[in-house]
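Thanks for coming, everyone. Let me put the model on the screen and then walk you through it.

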Number of protein chains: 2
Amino acid sequence: MGLPEPNVGVTMLVVDLARLLRRNFEAELSKVDTGLTAGEARTLFYVWRLPGQRQAVLADAMYVEPMTLVGYLDTLEKAGLIKRCTDPSDRRAKLVELTPKAQPLLENIGTALHAVRSRALENIPPDKRQVLEMLLQTMKDGLLEEVSKGKQK
Amino acid sequence: MGLPEPNVGVTMLVVDLARLLRRNFEAELSKVDTGLTAGEARTLFYVWRLPGQRQAVLADAMYVEPMTLVGYLDTLEKAGLIKRCTDPSDRRAKLVELTPKAQPLLENIGTALHAVRSRALENIPPDKRQVLEMLLQTMKDGLLEEVSKGKQK
DNA sequence: CCTAGTTCGTAAGGTAACCTTACTAAAAAA
DNA sequence: TTTTTTAGTAAGGTTACCTTACGAACTAGG
């Protein structure tokens, strides 16, 4: 009596999983040094994936507020890993580019990501991995919908 | 050239997913009021699942440091949702119990969890959900191993 | 029994990932 | 040309953690 339904436990499992994944990523990241925090590494990763984009576009892709991105970019810029170039077609906007110095860092981040991946998948039979990854992508899409819904206040 | 391997993207997807799940949980939680933060709600949930346990046991189950738990329990206790009773067999230890007042809150947390679950699974064909949940559990187990390995310094 | 080492919870203080609000400068619309 | 929108940012807050340092109580070893 009064018990929330059984599936609730499964969802908390997912919430816990989220925590653990983040933690693992942070731990692996600190192992490969880089001197970056998780947020900064994530940002660098996104700049690598979307080079020469405006901060607003980047923030949108990362699902953080523009202001949050500013902080990460400030650090990365001070460390000489990215540069902000004024958009020739709009003097307010800045296009974010990687510097050559970022290359080795990206490789380290890649190593960390790889480690997390191996760990997460180590007990999953290889033939199921493909399925899992697709399902995860689908999950992400579902969750994104709601996040953006919330935004268009 | 210089590109980290392709799977790196998939792992970042999982890292992003972790972020989104947390965020969704927080958002849903604030919708159903409760006045609790995500960490506090998670704690209450665990007390419900492991009633009458010591704080150390609880912290262990939640994979947080005992000190982290103290903060959450302090808030919950002040709100009259749990109580700490001295363990009769060890005057240092405290056993954590729910109070009756916690019941409705737990139901709200259940609602929030349910919402996250629906959202996360909405685009997943029902016949795949079972598989997904099993895979997620397996993933969690893999990640936990490493976390605990790190702990036994 | 008594001393030495463990264990339980906790106070103090720190870091990192975010967010909101408020502002300036520039562009776009009216 | 005035008004409105948009791009970035400074300032400051919240939450989820962690580490370090301790005192009080249990457990062993002699």
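Start with DNA strand C. It is surrounded by 23 residues, and the closest are G39(A), T68(A), R19(B), R23(B) and R92(B). A residue is near a molecule or strand if one of its heavy atoms lies within 4 Å of it.

A word on ground rules. This is a predicted model, where local features need pLDDT of at least 70, side-chain atom pairs count only at pLDDT 80 or more, and totals for chains, interfaces and linings use all residues. Residues are numbered from 1 along each chain as its sequence is written, chains are lettered from A and ligands numbered from 1 in the order in which they are written, and side-chain values use heavy atoms, with hydrogens and water left out.

Back to strand C. Which part of the DNA lies within 4 Å of the protein? Of those atoms of strand C, 74% belong to sugar or phosphate, and the rest to bases. Look at some pairs. The side chain of R19(B) puts an N or O atom 2.7 Å from a phosphate oxygen of DNA strand C. A polar backbone atom of A38(A) is 2.9 Å from a phosphate oxygen of DNA strand C. R23(B) has a polar side-chain atom 2.5 Å from a sugar or linking oxygen of the strand. Several elements give two or more residues to this surface: α2 (38-49), α4 (66-78) and β3 (90-98) of chain A, together with α1 (7-31), α3 (55-62), α4 (66-78) and β3 (90-98) of chain B. Helices here are DSSP runs (H or I, at least four residues), as are strands (E, at least two), numbered from the N terminus. By class, the surface near strand C has eight nonpolar, four polar and eleven charged residues. Ala, Val, Leu, Ile, Met, Phe, Trp, Tyr, Cys and Pro count as nonpolar, Asp, Glu, Lys and Arg as charged, and the others, Gly among them, as polar.

Now DNA strand D. Again, 23 residues surround the strand, and the closest are R19(A), R23(A), R92(A), G39(B) and T68(B). For strand D, 73% of the atoms within 4 Å of the protein belong to sugar or phosphate. A polar side-chain atom of R19(A) is 2.6 Å from a phosphate oxygen of strand D. A polar backbone atom of G39(B) sits 2.5 Å from a phosphate oxygen of the strand. What does R92(B) approach on strand D? A base nitrogen, at 3.3 Å from a polar side-chain atom of R92(B).

Next, the two protein chains. Chain A lies on chain B with an RMSD of 0.0 Å after a turn of 180 degrees and a shift of 0.0 Å along the axis. Copies are superposed by least squares on the C-alpha atoms of residues with pLDDT of at least 70 in both. That is the relation of a two-fold axis. In chain A, the C-alpha nearest the axis belongs to A18(A), at 2.0 Å. Of the interface residues of chain A, 100% are also interface residues in chain B, so the copies meet through the same surface.

Chain A itself has six helices and three strands. From the N terminus on, the order is α-α-β-α-α-β-β-α-α. Of its 153 residues, 47% are buried. Buried means under 20% relative accessible area, exposed over 50%, partly exposed in between (1.4 Å probe, protein chains only).

On to charges. The whole structure has 21 salt bridges over all chains. A salt bridge is a side-chain nitrogen of Lys or Arg within 4 Å of a carboxyl oxygen of Asp or Glu. R23(B), which we met at strand C, pairs with E26(B) at 4.0 Å, N to O. They are three residues apart in helix α1 of chain B, so about one helical turn separates them. R23(B) is partly exposed at 38% relative accessible area, and E26(B) is partly exposed at 36%.

Where does E28(B) find its partner? R119(B) forms a salt bridge with E28(B), the closest N and O atoms being 2.7 Å apart. This pair links distant parts of the chain: R119(B) is in helix α5 (residues 102-121) and E28(B) in helix α1, 91 residues apart. Both R119(B) and E28(B) are buried. In chain A, salt bridges link R54(A), D87(A), D90(A) and R92(A) in a network.

Last stop, E133(B). This residue lies in helix α6 (residues 126-151) of chain B. E133(B) is buried, with a relative accessible area of 16%. Leaving aside neighbours within four places in sequence, E133(B) is in contact (heavy atoms within 4.5 Å) with V10(A), L13(A), R117(B) and L121(B).

Terms used
Polar contact = N/O pair within 3.5 Å; in protein donor to acceptor, adjacent residues only side chain to side chain.
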